[in-house]
Amino acid sequence: MKVLKKLVDNIKPTFSKGGKLGFLHSTFDAFETFLFVPDHVTKKGVHIKDSIDLKRTMTMVILALMPALLFGMYNTGYQHNLSIGGDMTFWAMFWFGFLKVLPLIIVSYVVGLGIEFIAAQIRGHEVNEGYLVTGMLIPLIMPVDVPLWILSLSVIFAVIVGKEVFGGTGMNIWNPALLSRAFVFFAYPSQISGDKIWIEGLSSGQGIVDGFSGATPLAHAAAGEFDKMPSFMDMFIGFIPGSIGETSTLAILIGAVMLLWTGIASWKIMLSTFAGGILTGLLLNAVGPEGSYMSMPAINHLVMGGFAFGAVFMATDPVTGSQTERGKWIYGFLIGVMAILIRVFNPGYPEGMMLAILLLNTFAPFIDHFVVQSNIKRRLRRAAVK
Amino acid sequence: MSNKILLRKGLNIPLKGSAINQIARSISPDILAVKPTDFKGLNPKLLIKEGDPVKAGTPVMADKKNPEILICSPVSGIVKEIVRGEKRKLLQILIESDKRQEYEHSTAPEIRKNGSAEQIKSALLSSGLWPLIKQRPYGTIADPAKEPKAIFISGFDSAPLAADLDYAMKGDFENMQAGIDALSKLTHGGVHIGLHADTFAGSPMHRLERAKIHVFDGPHPAGNVGVQIHHISPINKGETVWTLDLYTLAAIGRLLIKGTFDLRRVVAVAGPKVKSPAYIETLPGMALRSIADMADTTSEVRYGDHVGVRFISGNVLTGDNVGVDGYTGIFHNTITIMAEGNYREMFGWIKPLRAKKFSISRSYFSWLMPNKKYNLDTNLNGGERAFVVTGVYEKVLPMDILPMYLFKAILAEDIDKMEQLGIYEIIEEDVALCEFVCPSKAEIQDIVSKGINIMIKEMS
C-alpha cells in the first residue's frame, strides 16, 4: 500500500497541469481515485460527509447485475447445448457461455470508457462513474450472437448521442443502455429480431436438432402459438432464449432485492412498473377473446422477455427517470402499461419494454412538471387561506 | 402540551464526543474578535480605530445602509488590531481585554415594565443587541422599520454535538422571561418557542410565559428555527418574521434588567478530538487558543497517513473552520474539534465493511449499529460529481419543499422558480443535512447561499 502510494505520488507531477503528460490529467485522476479514495477534505459548508459516493453506488448496481450475468452465461451454454442436442455438463455450459459473453463485456467497457475518458479530458472534468453500469447493462440486453462491431457502434452511439451531447453523466434524457439497443434495433434490425439470433450458433446453422426453433416466448406469444410456449416456471427461472441478462426473472429479482435493500433503486418505480404491467395484463384478460394474445395469463408478461430486467435495472435509472417522489409512481406505472400494450397490440416488434421505457424517459420531465406545479400551487394556496 | 408536531424526516449523525453537563472552565478572554462576517447583510462601517479604548457595549461598527444598527464590543479594553483581507474587506476587530469588564450605561431598565415598542426597539438598537436578531427570508439582520409577522425562537439545537440548551440556559430563566416580555411588544403575531418532545417537560423554557410553546418530535433538523417556522406558520412572499437564539433572548433580558450589554454564555466544547468534552463559560469571539489544551492533538494515523485536527466554531454541519488561531462566531453554541481527513484510503469505495465510516446508505452496515458513535473526520469520501441520484435530499428535509428542484432553480438563477419552490423558507443551515448525505458531494449550502444573494440583489 505504501509502495503504491509512493509510486502514485512520484508520477503524479507528470500528469498534473504543467507536467509532461498534463493533458492526461483526467485519466490519471480516474485511475488514482480508483486506487485510493482521494485525500480531499471538506472546504466550506458541512465538515463531515456521508461515506456514500457515486463509485460505491454504481458498484452496488453492478453487484446487483451479477446474478443475471452469471445466469445469462450459463443459459447461453444451456440453450446452445439444447439446440445442437449435445450432452454438455453444467460447467461446460457455463464455460461455453462465459467465453461467448466475456468479449461482449470487454468490448462494451473498452469502447464506452474510452469515449468517457476522452470526453472528460476535453471537458477537463473528472471521469464520471456512470458508464460502469451502462457498460455492463449493454451486453446484458443484447443477443449473444451480436457481432462485436455492431456492439461497438451501438456503444459509440449510446455514449456520444445518448449522453455526451447532453452534457455527460446526469444530463442525459434517455437511458444510454436502452438507446444502444434501440440503435441496433433500428439500424440493424436483422441482428436483433427473428428466431435465430438468440441462441449461439443458430444463425450460422451449425448442427441444429430437427424442429428446434429458437424463438423466444415473446415471439411465440406474438404469433399466437401459445402451445409452444415454455412453462411459467421455465420462464421464471430463465431457461428460455432471449437477451443475455433478461431471461431469468429469478436472478433479476435477486438483484432487485439488493438494490432495494441498499436503497439505491427506487422501490416506488419498481413496484409501480410491475403493478402497471400486471394490471394491464389483467384488464386485457378481462376483455380479450379466448385464445388471443390478450387472454394470455397476465402473470406471464412479467416473466417474459425484458420486462423484469427493464423494471429493475432500466426504469429505475435516476437520471432518466422521474425525479419527484410522486412522479415516480406515475412514471413506473405507465412504463408497465405501455410495455404490455406495445407487446400485445404492436405486431411489428414483440418486445415492448425498451420502447416503453424510452417513451417514458421522454415524458418523465413532463410528469415531474405536474408534480412540481402541484407543490407550487399548494404553497400558494397556503398563503391565500391564512 | 399544546400541539406536538412530528417530523419523520431528518438524521441525527452519531458523532462521538458529546459534552457532559459540567462547566469545565470559565474563560475571560485576553483577546477577543468582533467579526462582521458573522452578520449576513451587514455592510460594515468602522466606528473606532486601533488603540481606542472601548467598554462592553461600545459600538465598533455600524451598518452603512442603516446606521442605527450597531455592532458593539462584548468586552472592555482597547482595540488592538483591525484585520482586513482581500480588497480591504473588514474581517475582524481584535479587542484586548482589560479584565475589568466595564459596561456602557443603558437606560433600558427604565422601560422594562411600561416601555412602548418604539422604546424597546431603540434600546435594542443602541445597545448593540439588534444585529443578533435575524429576519426571514434570507437570515439577514432584522429590518427595524418593519413589523414582523411573528418572532420565532428555537428552544433546542438538534445539530450533531450541539450544546444542550436546557443546560446552557439553566441560570437564565428570569432573563429569558424579560426578553420575551419585551419582544412580544414588537409583533402582533406573538413570540413562538419550539421545544423537543423528549425534553420539553424538563426544559426551563417550558415555564416561560407570554410565549407560545410548540413541541417538535424527530431528528435533526427539528431544532432549526426555519423548519419550525415552516410547520407553525410558513413564510410566504412578502412576509417577514424574526428569529433569534436563546443566548440573544437572555442577553435582551439582561439588558432590560441590569442595563448591561452582557453576552456571557455557556457553550459546549465537543467532538471526537476533545479529551473530556464539557461546557465552558465565555464570551463570543473568544480565541480558540484558550481551549486548545482541551483538544487531543496527539498525532494520529488514519489509513497510513498522518492526519491533523480541525477546530470548528459551531457544529459540524454549519460551523466555520476557523482553526486553532481563530475566534468563535457570535451565533455558535458549540466548538467542535475533530480529526482532519487528509488521507488516502486504498479501494475505500469498494470495501464492504468500513466499520469506522458512517452512512445513511444501506450499502454500508452502519444501520445495523444504531447506537454506535463514530469518530468521523473531514474526508469528502469521494469526488464531486454531477447530480445523479434522486430522492436522497428529500429524506433529510422535513419541509414541503422539493429540494432538488429548488437547487436546480438556483443554479439556473431562475428567480421566479426559486420564489415558487421555497427560497423564502430556507437558509443554509436548513439544507446542511442534504449536503451531508449528497453522494455527488455537491456544496448545497453554498448553492443556497448564492441563491439567497441573488434574491437579495434582485428584490431590493
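This report covers how two chains meet, how one of them divides into domains, and where the backbone takes uncommon turns. The model is predicted.

**Where the chains meet**

Chain B gives 65 residues to the contact, and chain A gives 52 residues. On the side of chain B that touches chain A, several elements give two or more residues. Two of them are strands: strand 20 (309-313) and strand 23 (345-346) of chain B. The others are helix 7 (403-411), helix 8 (415-421), helix 9 (432-437) and helix 10 (444-459) of chain B. Helix 9 of chain B supplies the largest share, four residues. By class, this side of chain B has 28 nonpolar, 21 polar and 16 charged residues.

Strands also pair across the two chains. Strand 1 (residues 36-37) of chain A runs antiparallel to strand 23 of chain B, and two bridges join them. A:Phe36 has B:Met346 as its bridge partner in strand 23 of chain B.

**Domains of chain A**

The domain assignment splits chain A into domain 1 (2-35) and domain 2 (54-373). Taken over C-alpha atoms, the centres of these two domains of chain A are 37 Å apart. Five residues from domain 1 of chain A and seven residues from domain 2 of chain A form their contact. On the domain 1 side, the classes are two nonpolar, two polar and one charged.

**Backbone features of chain B**

Most residues other than glycine have a negative phi, and most peptide bonds are trans. The table lists two cis peptide bonds in chain B.

| Cis peptide bond | Omega | Place of the proline |
|---|---|---|
| B:Arg136 and B:Pro137 | about 0° | loop between strand 10 (134-136) and strand 11 (140-141) of chain B |
| B:His220 and B:Pro221 | about 10° | loop between strand 14 (212-217) and helix 5 (225-232) of chain B |

Positive phi values appear as well. B:Lys99 is not a glycine, yet its phi is positive, about 65°. B:Lys99 sits in the loop between strand 9 (90-97) and helix 1 (108-111) of chain B. Is B:Lys99 buried or exposed? B:Lys99 is exposed, because just 11 other C-beta atoms lie within 10 Å, and the cut-off for exposed is 12 or fewer.

B:Leu161 is another residue other than glycine with a positive phi, near 65°. B:Leu161 lies in the loop between strand 12 (151-154) and helix 3 (165-168) of chain B. B:Leu161 is buried, because 27 other C-beta atoms lie within 10 Å, and buried takes 20 or more.

Terms used:
Residues are numbered from 1 along each chain as its sequence is written. Chains are lettered from A and ligands numbered from 1 in the order in which they are written. This is a predicted model: local features need pLDDT of at least 70, side-chain atom pairs count only at pLDDT 80 or more; totals for chains, interfaces and linings use all residues. Two residues are in contact if their C-beta atoms, placed from the backbone, lie within 7 Å. Ala, Val, Leu, Ile, Met, Phe, Trp, Tyr, Cys and Pro count as nonpolar, Asp, Glu, Lys and Arg as charged, and the others, Gly among them, as polar. Two strands pair if DSSP finds at least two bridges between them. Domain bounds come from an automatic or database domain assignment.
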